[in-house]
Amino acid sequence: MTDKIIRIFKIISAIQSHPGIKAADLALKCEVNIRTIYRDLEVLSLIAPVTNEGRGMGYKFMGKFFLYPLDFSEQEALAFSLLPSVLTPDKIPQGFNTAYDKVLGTHLKEKSKQNDILENIADIIQMGKPAYRKESQNFLQPIIEAILEQRSIRAIYHSQSRNATTEREIDPYYLIPRDQRFYLIGFCHLKQAIRTFRISRFQQVEITSSAFDKGTFNIKQYLKNTWSIDRGSKNITFKVRFRSEIARYIKEEELFVHPRMRDEEDGSLNFEVTVNNEKEFMKWILQYGPNAEIIEPVSAREQLKQQLEQWMSIYQNSSQPDKLY
């Protein structure tokens, strides 16, 4: 099905550039037999005003139909830009140079327009910055561009867990918003594995000319049972009771996993979910204080109890906090 769609776009492009082109010539361009071209033209006629004015007359579009803009790939644009250098000057027909400039100018204009759109997107999405930095460069624009064009990036990245800065080549797959931050999920050539990168930890990003293919990578499968962004290795099922005061807000939460929820007669909400990172889920639960009670697992319930006791000891054992200044 994908091959057929691509072939139909090739047919549209060929008819636009050569009105009156014959089916046999279309077959040569698309590298298929003529019967396949006839079937494709029948499909095309349902979505575009293509016509054949008689046997041997070829195909063209009626009226002002035109597929726009020129969507040159980087390879196509490079090949087109080199065209004048491989032509014999005394055999170039009159008007070629001006036509060539117009076509190339249209491509560059569309490319510039695309870059403007990406810049606007990067400006619209306002990101925070680490407290220790006076300024933080926004690398969203080149990363989004690399994702759309499926090109690798060369980056300098600081890993907070190891407190180390490394240069890496990354195939950027997806941008993921989590907890007021943006993360990039992609293939890291240094580690030869899929990795997650926090955008604010990039110190430099450069788009390379290397293309990549995501292959069979499935983002939903990759993040299955992941509560926020850190993937754990062991699934654990939580059962939580939310008091009636907070129940309706829990139902409104935009979650990345699928919990099972059941309303109780007193207005409380029973909430059950399976996650692969206990720490991330516990962090989320803490924000609801006494309005959320962990029922299962018992180990998590005990862990939270010990943490609350530690907090209590801090405030009970010190009537006057240490001065900060």
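A pocket is an open set of grid points with protein on both sides within 12 Å along at least five of seven lines, and its lining residues have an atom within 4 Å of a point. This briefing covers one such pocket and a set of paired strands. The model is predicted.

**Second largest pocket**
- The second largest pocket holds about 1,100 Å³ of space.
- Its lining counts 32 residues. Nearest the centre lie Tyr183, Ser228, Ile229, Asp230 and Glu280.
- Four strands each give two or more residues to this lining: β3 (151–159), β4 (164–178), β5 (181–188) and β6 (193–198). Helix α10 (278–286) does so too.
- By class, the lining has 16 charged, 9 nonpolar and 7 polar residues.

**Strand β8**
- Strand β8 spans residues 236–242 and has two faces. Ile236, Phe238, Val240 and Phe242 make up the covered face. Thr237, Lys239 and Arg241 make up the uncovered one.
- β8 runs antiparallel to β10 (residues 269–275), joined by 7 bridges. Phe242, from the covered face, stands opposite Leu269 in β10.
- β8 also pairs with β11 (residues 292–296), again antiparallel, over 4 bridges. Arg241, from the uncovered face, stands opposite Glu293 in β11.

**Strands β9 and β10**
- β9 (residues 260–263) pairs with β10 in the antiparallel sense over 4 bridges.
- Arg260 stands opposite Glu272 in β10.
- β9 and β10 form a hairpin with 5 residues between the strands. In this hairpin, Gly267 takes a positive phi near 95°.

Conventions
Residues are numbered from 1 along each chain as its sequence is written. This is a predicted model: local features need pLDDT of at least 70, side-chain atom pairs count only at pLDDT 80 or more; totals for chains, interfaces and linings use all residues. Side-chain values use heavy atoms; hydrogens and water are left out. Buried means under 20% relative accessible area, exposed over 50%, partly exposed in between (1.4 Å probe, protein chains only). Two strands pair if DSSP finds at least two bridges between them. On a 1 Å grid over the protein atoms alone, a cavity is a set of points where a 1.4 Å probe fits but cannot get out, and a pocket is an open set with protein on both sides within 12 Å along at least five of seven lines; lining residues have an atom within 4 Å of a point. Grid points are joined across faces, edges and corners, and a volume is the space filled by probe spheres set on the points. Ala, Val, Leu, Ile, Met, Phe, Trp, Tyr, Cys and Pro count as nonpolar, Asp, Glu, Lys and Arg as charged, and the others, Gly among them, as polar.
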